[in-house]
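Here is a small set of exercises to work through with the model open in your viewer. Try each task before reading its solution.

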Amino acid sequence: MFSHAEEKFHFAVHALTGAAPQRQRLENAFAHLSYLKAEELPELLQPRLTEIQEELEYVSGIAWHVSASAAIAKMSDEQVSQLARRVHDLHDALMNLSRPYPTSASDIK
């Protein structure tokens, strides 16, 4: 049901774990999330994505999907780190809501 969002977050989190400096990794992550709409997430998670998007727009003064890098460039190292953590945490929450838990030991592979 949320496969598009799952795919976008998969690539975003993969970008966060690369070898580049943290700001560049975060910019790369947002390149994967650039046109993701909150409505593509489970209702419970929509406000979390909207908050991230609004924060990027506030910092840069530009629509977040146009230039997340402009906002990231203006952020402190601590803000960049916190934003990366929020993206990671949102990915985890999405995976937890999207994937059923195994019902027995035989379901675990």
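**Exercise 1. The overall layout**

Task: Find how many helices and how many strands the chain has, and what share of its residues count as buried.

Solution. Bear in mind that this is a predicted model. Start with the secondary structure: the chain contains five helices and zero strands. Followed along the sequence, that gives the pattern α-α-α-α-α. Next, turn to burial: 35% of the 109 residues count as buried. Finally, look at contacts with a separation of 6 or more: 64% of them join residues 24 or more positions apart.

**Exercise 2. Helix 5 and its buried residues**

Task: Compare the span of helix 5 with the expected value, then list its buried residues and state which helices they pack against.

Solution. Helix 5 covers residues 77-98, which is 22 residues. From first C-alpha to last, helix 5 reaches 32 Å, close to the 32 Å expected at 1.5 Å a residue. Now pick out the buried positions: V80, L83, A84, V87, L90, H91, A93, L94 and S98. To read such a list, recall that an α-helix has 3.6 residues a turn, so residues three or four places apart point the same way. As for partners, the buried residues of helix 5 pack against helix 1 (3-16), helix 2 (22-33), helix 3 (46-60) and helix 4 (68-74).

**Exercise 3. Helix 1 against helix 5**

Task: Determine how helix 1 and helix 5 are oriented and which residues make their contact.

Solution. First, the geometry: the two axes come within 10 Å and cross at roughly 140°. Angles over 145 degrees would count as roughly antiparallel, and helix 1 and helix 5 are therefore oblique to each other. Helix 1 passes helix 5 in a left-handed crossing. The contact uses A5, E6, F9, H10, V13 and L16 from helix 1, and A84, V87, H88, L90, H91, L94, M95 and S98 from helix 5. Sorted by class, these residues of the contact of helix 1 with helix 5 are nine nonpolar, four polar and one charged.

**Exercise 4. Two residues of that contact**

Task: Decide whether E6 is buried or exposed, do likewise for H91, and name their contacts beyond four places in sequence.

Solution. Take E6, which is found in helix 1. Its relative accessible area is 12%, so E6 is buried, given that buried means under 20%. Leaving out residues up to four places away in sequence, E6 touches L94, M95, S98 and R99. Then take H91, which is found in helix 5. H91 has a relative accessibility of 12% and so counts as buried. Beyond its neighbours within four places in sequence, H91 is in contact with F9, H10 and V13.

**Exercise 5. Helix 3 and helix 2 against helix 5**

Task: Work out the orientation of helix 3 to helix 5 and of helix 2 to helix 5, and give the residue classes in each contact.

Solution. Begin with helix 3: its axis and that of helix 5 come within 10 Å and cross at roughly 160°. Helix 3 and helix 5 are therefore roughly antiparallel to each other. Their crossing is left-handed. The contact is formed by R48, L49, E51, I52, E55 and L56 of helix 3 with L83, R86, V87, D89, L90 and A93 of helix 5. The contact of helix 3 with helix 5 has seven nonpolar, no polar and five charged residues.

Move on to helix 2, which packs with helix 5 at an angle of about 40°, the axes being 10 Å apart. That makes helix 2 oblique to helix 5. The crossing of helix 2 and helix 5 is left-handed. On the helix 2 side, the contact is made by Q22, R23, L26, F30 and L33, and on the helix 5 side by D77, V80, S81, L83, A84 and V87. The contact of helix 2 with helix 5 divides into seven nonpolar, two polar and two charged residues.

**Exercise 6. Two partly exposed residues**

Task: Locate H32 and I62, and find what each touches.

Solution. H32 is found in helix 2 and is partly exposed, at 31% relative accessible area. Not counting residues up to four places away in sequence, H32 touches K8, F11, A12 and A15. The C-alpha atoms of H32 and H10 are separated by 8.9 Å, with their positions 22 residues apart along the chain. I62 lies in the loop between helix 3 and helix 4. I62 is partly exposed, with a relative accessible area of 35%. With residues up to four places away left out, I62 touches L56, E57, S67 and A70.

Conventions
Residues numbered from 1 in each chain as written. Predicted model: local features only at pLDDT ≥ 70, side-chain atom pairs only at ≥ 80, totals over all residues. Heavy atoms only, no water. Helix = DSSP H or I, 4+ residues; strand = E, 2+ residues; numbered from the N terminus. Expected span 1.5 Å × (residues − 1). Buried < 20%, exposed > 50% of the residue type's maximum accessible area, 1.4 Å probe, protein only. Contact = heavy atoms within 4.5 Å. Axes fitted to C-alpha atoms, helices over the stretch in contact; angles between N-to-C directions. Parallel < 35°, antiparallel > 145°, perpendicular 65-115°, else oblique. Left-handed = near helix turned anticlockwise from the far one by under 90°. Nonpolar A, V, L, I, M, F, W, Y, C, P; charged D, E, K, R; others polar.
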